[in-house]
Amino acid sequence: MNVLVVENDQRAAETLLQGLARQGYLTRSVATGAQALRCHRDVDLILLDLDLPDLDGLEVCRGIRAVADTPIITVTARSSELDRVLGLQAGSDDYLVKPYGFRELLARIEAVMRRVRSQPAVARVITHGALAIDAGARVATLDGEPLDLTRKEFDLLYLLASQPGTVIPRRQIMAQVWDDAWSPRGRTVDTHVGTLRSKLGSGEWIITVRGIGFRLGHP
């Protein structure tokens, strides 16, 4: 099983990787949220710290959960009941507070994977009114007619459609669509939103929430 460790503390990451490797897991680690959003698609399980240098771990969790069913176990020092609730609501399958016992982590990994293996696969097709988005085929249609979208336009539309009613922050959009959470906020997102609105035939499909980001609308 391939495990991705998302951990900002290099020493903690190395210790965890070594322990998992001794149990026969294939492992690798990343230190930022942007890296996690970029390379999570080919792993079987994610161990996610919430305290990352670029993105809050909750944003990363929501971003991954929006486009993938990969199991996520939050491993963090945030220990309050509210933190646990927020982590689970963001899409974590389990929540483990540091410091923890390695045997407990292994038991939780096994429990999460048992639940996942018993669940049928879910088709990654999103419908929102007249809009349909097939992630596997990378095809979006409106009223049954295919939309001529670039790769980034499709990724942006899919991200917004995967979390209907939720405002997606600009920084998360930059990290998840452009693999870049560090660049200053330029006009990249706005330009692609404008093009998407034109291709969708209405500005009401994508709503701007001033000072925060964008959400999917419904003309």
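A residue is called buried when its relative accessible area is under 20%, exposed when that area is over 50%, and partly exposed in between. By this cut-off Glu7, at 9% relative accessibility, counts as buried. The structure discussed here is a predicted model, and the report follows its salt bridges before turning to helix α6.

**Salt bridges**

Side chains of opposite charge can pair when their charged atoms come close. In this model the count comes to 12 salt bridges, among them the three pairs set out below.

| Pair | Closest N to O distance | Relative accessible area |
|---|---|---|
| Glu7 and Lys98 | 2.8 Å | Glu7 9%, Lys98 26% |
| Glu104 and Arg108 | 2.8 Å | Glu104 35%, Arg108 23% |
| Lys199 and Glu153 | 2.7 Å | Lys199 33%, Glu153 5% |

Glu7 forms its salt bridge with Lys98, with 2.8 Å between the closest N and O atoms. This pair links distant parts of the chain, since Glu7 sits in the loop between β1 (2-6) and α1 (10-22) while Lys98 sits in the loop between β5 (94-97) and α5 (102-117), 91 residues apart. The buried partner is Glu7, whereas Lys98, at 26% relative accessibility, counts as partly exposed.

The pair of Glu104 and Arg108, by contrast, lies within helix α5, where the two residues are 4 apart and therefore separated by about one helical turn. Glu104 is partly exposed, with a relative accessible area of 35%, and Arg108 is likewise partly exposed, at 23%.

Between helices, the side chains of Lys199 and Glu153 meet in a salt bridge at 2.7 Å, N to O. Here too distant parts of the chain are linked, with Lys199 in helix α8 (residues 188-200) and Glu153 in helix α6 (residues 151-162), 46 residues apart. Lys199 is partly exposed, with a relative accessible area of 33%, while Glu153 is buried, with a value of 5%. Elsewhere, salt bridges that share partners join Glu7, Asp49 and Lys98 into one network.

**Helix α6**

The helix that carries Glu153 can also be checked for its length: at 1.5 Å a residue, the 12 residues of α6 should span 16 Å, and this agrees with its end C-alpha atoms, which are 16 Å apart. Of these 12 residues 10 are buried, so α6 is largely enclosed by the rest of the structure. The buried residues of α6 include the charged-pair partner Glu153 along with Lys152, Phe154, Leu156 and Leu157, and Tyr158, Leu159, Leu160, Ala161 and Ser162 are buried as well.

Technical notes:
Residues numbered from 1 in each chain as written. Predicted model: local features only at pLDDT ≥ 70, side-chain atom pairs only at ≥ 80, totals over all residues. Heavy atoms only, no water. Salt bridge = Lys/Arg side-chain N within 4 Å of Asp/Glu carboxyl O. Buried < 20%, exposed > 50% of the residue type's maximum accessible area, 1.4 Å probe, protein only. Expected span 1.5 Å × (residues − 1).
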